[in-house]
Structure formats: C-alpha cells, structure tokens
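Work through the exercises below with the sequence and the model side by side. Try each task before reading its solution.

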Amino acid sequence: MPAGLLAKYSSLLALVLILMFCVPSSVSSIINSSQLRPVGSGELASNLSRAGWTGPRYLASSLSSQSDPYNQTLKLKIAAVEPVFTTTAYSSFYSFYSKYATRNLNGTIKTDLNLLNASIVQGWGWSDALRRFLISTTAGDQYDIVLGRNLSFISEVNVSQALFRTDGTRNYDVLILGFTEYVTIQEYYAYKSFVTTGGVLVLMDATNFLAQVEYYPRTQHLALIRGHGWGFNGTMAWRDIFDRWQNENTNWIGGTFGVGSSSGAGYSGATPLTDNPVGRALKEKYGSRVFTVYQGHEENVVTNLTRTSIVANWVQTRKPDFHPNVSAYMHYYKIGLVADLGVMGSDVIMSDGSVQFFLAQTLLFATGPNMPVIINNPPGLPATTTITAGQSSIGAAYRPLSFGDLVMMSLRGRMVMAFLLVGMMLLVSFLAVTVWFRRREHRRV
C-alpha cells in the first residue's frame with residue numbers, strides 16, 4: 001500500500017483498532033462489575049446448580065473470600081409458624097392429664113371433658129424465644145433474616161392454606177417450626193407435602209407432631225383427638241397411644257420423640273461431624289463441642305438412617321448407661337429436606353450462638369448448589385439414583401457452565417466475541433475500501 005494512501009486513511013485505521021481492542025475490554029469490565037442476575041422462579045434446585053454452578057460457599061469455607069455469605073439468605077422465602085395449638089393445649093389439656101394420670105382406668109371417662117376442648121390461646125408459648133431471635137438484630141445484621149423481607153410469621157390456624165398457592169405450588173422455600181407438639185391432621189400433611197414438593201423444613205424444638213387435635217373455627221376451640229396417651233371423641237375420653245405419628249415420622253422426618261423430661265438425661269453439648277457441610281461449619285467456627293448451653297429437657301431420636309446425614313451427635317453425660325440416639329441431622333425425603341436440631345432449641349437459642357448458627361447455616365445450605373446436588377445423590381442411595389427438583393428463585397451470577405467436555409460460553413464471553421466480530425468486519429471493510437480507492441486512482445493515472 002502506498003505511504004501516501006496509508007497516511008490518508010490513518011485516522012480510519014486507528015478508529016478500527018480502537019474498536020477492536022478497547023471496546024471489548026471496556027464492556028468486559030462493565031459486565032464484571034455486576035454481581036447477580038436472577039434466574040428462574042419458585043423452587044430451590046436451580047438449573048444453574050444442576051449444570052455445574054458452584055454458587056456461594058458455606059461460611060466455614062469462605063471467610064477469606066466472601067465477607068457476607070448470608071446475602072444469599074435474603075433471596076429465600078422463609079416462614080416461621082406460631083404454634084398456637086400447642087400453646088392452647090398447654091393452657092388446658094394438662095389439667096386433665098394430671099388429674100387422671102394415676103387412676104387405674106379400664107373404660108372411658110366422661111367427666112372434665114371441657115379440659116380437652118379448650119378456647120384458642122394466641123401466642124408462641126414455649127417457642128417465644130425462637131420468635132425473639134428471629135426478629136433480633138443478631139438475626140438481621142449477622143444472618144440476613146429479616147421479618148417483612150425474607151421472613152414471614154404465619155399462624156397454625158391457617159397454615160394449611162398459607163403454605164401453598166391455589167395451583168399447589170409452595171409459597172415458601174423454608175419453613176421453621178418451634179415447639180409443635182399438637183397439630184391437626186390437615187396441618188400435619190401440609191408439612192409433609194411441603195417437604196415432598198421440595199421445601200426445607202427446619203425443626204428447632206423436639207417433641208414434634210406428638211398428638212392430633214381438631215380446630216373448630218366457628219367457636220374458636222381446639223379439641224384433642226388422639227395422642228399423648230389419650231383418645232377423645234367429644235363425649236368421652238380413654239387411654240390411647242402416646243406418639244400419634246411415630247411410624248410415619250420415622251419415614252419422612254427421620255426421627256421422632258424419644259426422650260422425655262422425666263428421663264433424667266443431661267447433655268454436655270454435641271460433637272459436630274465434618275462430612276456434613278453444616279457440621280463442618282460448626283466445627284470450624286466453634287470447635288469440637290457445640291450447643292454447650294443446653295442441659296436437657298425433651299429430645300427427639302433418630303430412627304431412620306436412610307438418606308440421613310448427621311450434623312452433630314449430642315453427648316449425654318448425666319446417666320452413664322443411657323445412650324439415646326439424639327442428633328442434629330438432615331433427612332432427605334422425596335425432593336425436600338428436614339433439618340432437625342434434635343432438642344428443645346428454644347430453651348437456649350437466645351444465649352447459645354452455635355444454636356443460632358445451626359439455623360443460619362441450614363438456611364444458607366438451602367440457598368446453595370449442594371442442596372439439589374445432595375438431594376440428587378443423597379446419603380444411602382446409589383450414585384445412579386436420580387431425583388429431579390424444580391427451578392430456583394435464588395439469584396445466580398452468570399459464568400461458564402460445564403456440560404461434560406463442552407463449555408458453554410457465558411454472557412460476558414458472548415458480548416466480547418460480538419465486539420471482536422464487529423471490529424474484524426470494520427477492518428475488512430477498511431481494507432476493501434483501501435483497495436478500491438487504490439485501483440480507482442491507478443485507472444486515473
């Protein structure tokens with residue numbers, strides 16, 4: 001190319017070079033500065049997770065690289081249930097229990113039946129400490145659990161309707177229960193359906209689902225039906241089973257009530273297990289003994305080790321020959337998860353940071369990629385067993401997604417390639433125009 005012609009079009013050439021090398025870098029920097037772009041809606045297990053997205057790591061593994069891993073918690077829809085039925089039962093039923101506890105009964109009782117048909121009493125009862133923690137500055141500032149943003153309180157009175165939309169999909173990702181000893185049959189199966197469809201149920205207190213009751217909305221009364229050693233049909237009472245759903249609880253919850261307050265058991269904390277992500281996080285933060293404030297009250301026992309991952313084993317020290325299988329654990333059922341602290345966590349949640357941490361880590365676990373990964377290959381199942389889960393409402397950063405040996409290009413990569421392509425097209429156009437002008441000038445000569 002003649003030097004004069006090159007000088008004549010040097011400005012255009014310089015512009016093309018700027019477009020080729022500067023613009024893609026600028027666009028790449030802009031895209032890198034954006035942190036999250038939401039994908040999908042609804043369920044916990046995201047397409048990105050199934051495709052290989054690594055997502056936010058657990059606090060115990062990411063303190064140096066991520067200052068606030070709990071910002072993922074804000075993207076969850078969390079509900080905590082006000083246990084008004086258990087609160088009501090304790091206001092009345094126990095007067096009946098204590099009066100007839102020592103009587104030798106061979107038949108039925110037709111007196112004092114009003115005690116088994118009580119007016120509803122609002123309130124959290126034994127679980128009020130759980131409520132206070134959930135609205136505390138610690139929950140909000142440290143763990144991003146914020147009432148009115150990602151946390152809602154719902155009452156047992158309408159929990160069956162509150163958990164699901166009219167099309168059967170869930171309104172929440174995570175459900176937190178405190179002391180929920182007395183439930184209606186509709187409520188019990190609503191909780192089970194919540195887990196069956198992919199929800200995470202967190203049990204922060206023991207003695208769950210021990211007895212069945214019936215709620216009468218017109219009169220605002222609650223009546224015992226069956227459990228806690230009694231049966232009641234409205235006109236008479238009789239001795240009956242103690243644990244209403246013992247076998248079914250074993251199946252889908254992984255455990256059930258096992259150690260009563262009269263057992264004399266006492267605990268010196270629990271030993272976290274590092275093969276569980278929450279247990280590993282607990283050990284890294286608090287050491288080899290956690291939950292040390294809790295001394296003993298009532299406890300659940302693990303009765304189903306299939307698809308169960310132990311978080312921490314409680315250490316019973318008051319009775320040397322008594323070794324109940326009390327553990328904090330995660331049990332996978334269908335495409336959902338039950339996380340159980342195993343003890344009466346409301347007793348100590350305001351004073352034991354490791355109990356608070358257990359709840360927060362469970363919520364963080366529900367937002368991360370390991371949730372659907374472990375459900376797809378849960379403990380106790382062969383690796384070839386697959387269980388699918390729905391799409392997630394959790395936000396995820398765009399990044400290359402691996403499918404075997406194929407790497408799909410990310411949004412940023414596609415934008416950079418587009419600008420490079422434009423630059424190349426401009427360069428080719430410049431060269432073509434240069435050749436055309438050269439030939440034209442040659443003909444004139």
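A residue counts as buried when its relative accessible area is under 20%, as exposed when that area is over 50%, and as partly exposed in between, with a 1.4 Å probe and protein chains only. This is a predicted model, in which local features need pLDDT of at least 70 and side-chain atom pairs count only at pLDDT 80 or more, while totals for chains, interfaces and linings use all residues. Residues are numbered from 1 along each chain as its sequence is written, and side-chain values use heavy atoms, with hydrogens and water left out.

**Exercise 1. Describe the chain as a whole.**

Begin with the secondary structure, where helices (H or I, at least four residues) and strands (E, at least two) are DSSP runs numbered from the N terminus. The protein chain has 14 helices and 18 strands. Next consider burial: of the 445 residues of the chain, 50% count as buried. Then turn to the surface, for which accessible areas come from the Shrake-Rupley method with a 1.4 Å probe. The chain exposes about 20500 Å², and carbon and sulfur atoms supply 56% of this area. Finally look at contacts, meaning heavy atoms within 4.5 Å. Among contacts between residues at least 6 apart in sequence, 75% join residues at least 24 apart.

**Exercise 2. Trace the open sheet of 8 strands and find the helices that lie against it.**

Two strands pair if DSSP finds at least two bridges between them. Reading across the sheet, the order is S3-S1-S4-S6-S16-S15-S14-S12, and the pairing is mixed. The edges are strand S3 (151-155) and strand S12 (267-272), each of which pairs on one side only. From one strand to the next, the twist averages 20°. As an example of a pair, take strand S1 (residues 78-82) and strand S4 (residues 174-177), which are joined in the parallel sense over 3 bridges; here Ala79 has Leu175 in S4 as its bridge partner.

For the helices, axes are lines fitted to C-alpha atoms, for helices over the stretch in contact, and angles run from 0 to 180 degrees between N-to-C directions. Helix H9 packs on the sheet, touching S1, S4, S6, S15 and S16, and its direction makes about 140° with that of S4. Helix H12 (residues 353-367) lies across S1, S4, S6, S14, S15 and S16, running at about 20° to S15.

**Exercise 3. Follow strand S8 (residues 221-227) and name its partners.**

Strand S2 (residues 117-119) runs antiparallel to S8, with 3 bridges between them, and Asn117 stands opposite Ala223. Strand S7 (residues 211-216) is also antiparallel to S8, joined by 6 bridges, one partnership being that of Gln212 with Arg226. S7 and S8 form a hairpin with 4 residues between them, and Gln220 in the turn has a positive phi of about 60°. Strand S9 (residues 230-232) is antiparallel to S8 over 2 bridges, and Gly231 in S9 is the bridge partner of Arg226. The hairpin of S8 and S9 has 2 residues between the strands, and His228 takes a positive phi near 60° there.

**Exercise 4. Locate salt bridges, and state how covered their residues are.**

A salt bridge is a side-chain nitrogen of Lys or Arg within 4 Å of a carboxyl oxygen of Asp or Glu. The structure holds 5 of them.

1. Lys99 pairs with Asp112, the closest N and O atoms being 2.7 Å apart. Lys99 is in helix H5 (residues 84-100) and Asp112 in the loop between H5 and S2, 13 residues apart. Lys99 is partly exposed, at 41% relative accessible area, and Asp112 is partly exposed at 23%.
2. Lys192 meets Glu248 at 2.8 Å, N to O. Lys192 lies in H9 and Glu248 in helix H10 (residues 246-252), so the pair ties together parts 56 residues apart in sequence. Lys192 is buried, with a relative accessible area of 14%.
3. Asp240 meets Arg226 at 3.1 Å, N to O. Asp240 is in the loop between strand S10 (237-239) and H10, whereas Arg226 is in S8, 14 residues apart. Asp240 is partly exposed at 23%, and Arg226 is partly exposed at 33%.

**Exercise 5. Which side chain of opposite charge is nearest to Glu187?**

First place the residue: Glu187 lies in helix H9 (residues 185-196). For charge, Lys and Arg count as positive and Asp and Glu as negative, while His and the chain ends are not counted. The nearest side chain of opposite charge is Arg244, which is 12 Å away, and Glu187 is buried yet has no salt bridge. Leaving aside neighbours within four places in sequence, Glu187 is in contact with Phe85, Glu156, Val159, Ser160, Thr180 and Tyr182.
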